[in-house]
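Okay, thanks for making time, everyone. Let me put the sequence and the structure up, and then I'll walk you through what caught my eye.

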Amino acid sequence: MKKIIFKVSAIAMALTSTIFAGGDIAPVEPMVTEPAVAASSGDAMGLSSMLILMFLTTIVGLFFVNKESNVK
């Protein structure tokens, strides 16, 4: 069964690579030449978000440590 699945997947990969990578399909031209949103140079996550995520990660870790210590 594994040999059949391997052969079918190899044939499928070969067919798709010849169809899509054959060079007949031209790359899609972008419809918009300029970006819709200008990016800011600010950080994506501030100090308060980092502290909250650290706190929540610690709470989840302690919960699972407590849960494993209660298993007998």
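I'll start with the whole chain and then go to the phenylalanines.

Just so we're clear, this is a predicted model. The protein chain comes to 2 helices and 0 strands. So how much of the chain counts as buried? Of its 72 residues, 0%. As for the surface, the protein chain exposes about 7,400 Å², and carbon and sulfur atoms supply 71% of that.

Okay, on to the nonpolar side of things. There's a nonpolar surface patch of about 660 Å². Who makes it? You've got two methionines, Met45 and Met50, then Ile52, Leu53, Phe55, Leu56 and Ile59.

Let's stay with Phe55 for a second. You'll find Phe55 in helix α2, which covers residues 47–70. Is Phe55 buried or exposed? Its relative accessibility is 54%, and the cut-off for exposed is over 50%, so Phe55 counts as exposed.

Now, aromatic pairs. How many does the structure hold? Just 1. The partners are Phe63 and Phe64, and their geometry is edge-to-face: the rings sit 5.3 Å centre to centre, with 75° between the planes. That angle goes with the edge-to-face label because the label needs planes over 60 degrees apart.

And how accessible are those two partners? Phe63 has a relative accessible area of 49%, so it's partly exposed. Phe64 comes in at 45% relative accessibility, and it also counts as partly exposed.

Okay, that's my tour, so over to you for questions.

Definitions and conventions: Residues numbered from 1 in each chain as written. Predicted model: local features only at pLDDT ≥ 70, side-chain atom pairs only at ≥ 80, totals over all residues. Heavy atoms only, no water. Patch = residues over 30% accessible without salt bridge, like charges linked within 9 Å, V, L, I, M, F, W, Y side chains within 5 Å. Areas by Shrake-Rupley, 256 points an atom, 1.4 Å probe, with all protein chains shown as cover. Salt bridge = Lys/Arg side-chain N within 4 Å of Asp/Glu carboxyl O. Helix = DSSP H or I, 4+ residues; strand = E, 2+ residues; numbered from the N terminus. Buried < 20%, exposed > 50% of the residue type's maximum accessible area, 1.4 Å probe, protein only. Phe/Tyr/Trp six-rings, centres within 6.5 Å; stacked < 30°, edge-to-face > 60°.
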